[in-house]
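I opened the notebook with two topics to look up. One was the largest pocket; the other was the nonpolar packing.

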Amino acid sequence: MSSLRNLLRTVALVGMSAALIAPTAVAQAEPSPADLTRRIETSSAELERVVESYNKLREEIKTNEAAVARLQTRIGPLEQQVEQSRADVAEIASTAYKSGGLRTADALLRAGGSTALLDRLGTIEQLTRQRQERISGFTTDQRRLLDEKARLGTTLTRQAAQARQLAAAKKQIEQDLAKLYELRRQAYGAATERPEPKAATAEARNAPAVSGAAGTAVRYAFGAIGKPYKWAGEGPDGYDCSGLTLASWRSAGKSLPHSARMQWGAVAHIGRSELRPGDLIFYSGLGHVALYVGDGQVIDAPSAGRNVLKRGMNMMSIHGYGRVR
């Protein structure tokens with residue numbers, strides 16, 4: 001029995017010693033490079049969706065601002081026409097009064113009496129009615145234009161608020177990315193890829209011989225290789241995905257909106273077998289777009305922290321294919 005007590009006492013002492021020696025908490029393992037990369041890619045994909053949504057709203061706001069400006073140029077002359085019509089009516093009444101056309105007693109004493117008066121009043125009434133009809137028509141048009149302008153103003157206000165919300169979300173994601181980039185810097189020594197100005201020259205020899213506007217767009221995209229990703233950027237110092245396709249086709253004299261989703265709505269949809277250099281490839285959720293350059297390759301601005309590059313077209317799920325009209 002005493003030996004059992006001695007054994008228990010020894011076990012207890014060993015346990016206490018171990019508790020004193022052992023750390024109070026299990027240290028968390030540092031994230032592996034692979035884990036850091038996955039976290040950065042996830043946050044970058046989320047950031048790109050926010051940026052593309054922001055780009056889409058900005059395009060819509062620009063369209064509405066232009067519509068408001070057009071309305072304002074139409075409303076000004078219309079208001080002047082309305083005022084002129086009102087002045088015409090006032091002048092008719094004033095002239096009729098001053099000339100005695102509306103002085104009933106005097107008119108009755110003249111030759112023709114009441115018949116002449118009624119004729120003169122009828123003429124004045126007809127002229128006045130014509131002017132009033134003109135005023136009514138102008139006022140109706142003016143009211144319609146003002147209502148449309150107010151509706152567009154409401155839309156602009158709502159979209160501006162949404163743009164601010166998206167900008168705030170983008171800022172938060174960039175803050176999260178900054179933390180992840182710091183971890184990546186600790187793991188790899190660099191948070192982002194360095195721009196590679198010579199990369200475009202090296203890749204230029206691989207550019208396909210394409211004629212026409214598509215060829216111009218493809219050559220522009222090859223010239224952008226090695227330049228950094230820049231949110232809402234459309235060159236020449238940096239690009240996001242839709243900014244690169246916009247700039248490439250802009251160099252060929254074609255206009256595209258700065259939004260992957262809106263570009264999808266602007267192009268002719270084609271099948272995979274119809275792809276040729278210069279076409280656009282849209283990816284899942286319409287949150288990313290790339291320029292096809294042939295042989296199963298695209299040039300795109302991948303995500304924050306990376307440079308424009310040429311890579312295989314199947315890097316993510318494809319939504320569809322489009323040809324710039």
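**Pocket**

I looked up which helices line the largest pocket: H2 and H4 each supply at least two residues of the lining. I note that this is a predicted model.

I then asked for the largest share of that lining. H2 provides it, with 7 residues. In total, 23 residues line the largest pocket. I listed those nearest its centre: Glu 41, Ser 44, Ala 45, Pro 302 and Ser 303. Sorted by class, the lining has 9 nonpolar, 7 polar and 7 charged residues. I wrote down a volume of about 460 Å³ for this pocket.

**Core**

Next I turned to the largest nonpolar core and counted 40 residues. Trp 249, Leu 280, Ile 299 and Val 308 have the most contacts inside it. I checked which elements give two or more residues to this core. The helices are H2 (33–98), H4 (113–188), H5 (197–204), H6 (212–224), H7 (241–250) and H8 (260–266). The strands are S2 (280–283) and S3 (289–294). H6 gives the most, with 6 residues.

I picked Trp 249 for a closer look. Which residues does Trp 249 touch, not counting those up to four places away in sequence? I found Ala 213, Ala 214, Ala 217, Lys 254, Leu 256, Gly 278, Leu 280, Leu 291 and Val 324.

I also found a second, separate core of 13 residues. Val 68, Val 82, Phe 138 and Ala 163 are among them.

Terms used
Residues are numbered from 1 along each chain as its sequence is written. This is a predicted model: local features need pLDDT of at least 70, side-chain atom pairs count only at pLDDT 80 or more; totals for chains, interfaces and linings use all residues. Side-chain values use heavy atoms; hydrogens and water are left out. A nonpolar core is a set of buried Ala, Val, Leu, Ile, Met, Phe, Trp, Tyr and Cys residues joined through side-chain atoms within 4.5 Å. Buried means under 20% relative accessible area, exposed over 50%, partly exposed in between (1.4 Å probe, protein chains only). Helices (H or I, at least four residues) and strands (E, at least two) are DSSP runs, numbered from the N terminus. Contact means heavy atoms within 4.5 Å. On a 1 Å grid over the protein atoms alone, a cavity is a set of points where a 1.4 Å probe fits but cannot get out, and a pocket is an open set with protein on both sides within 12 Å along at least five of seven lines; lining residues have an atom within 4 Å of a point. Grid points are joined across faces, edges and corners, and a volume is the space filled by probe spheres set on the points. Ala, Val, Leu, Ile, Met, Phe, Trp, Tyr, Cys and Pro count as nonpolar, Asp, Glu, Lys and Arg as charged, and the others, Gly among them, as polar.
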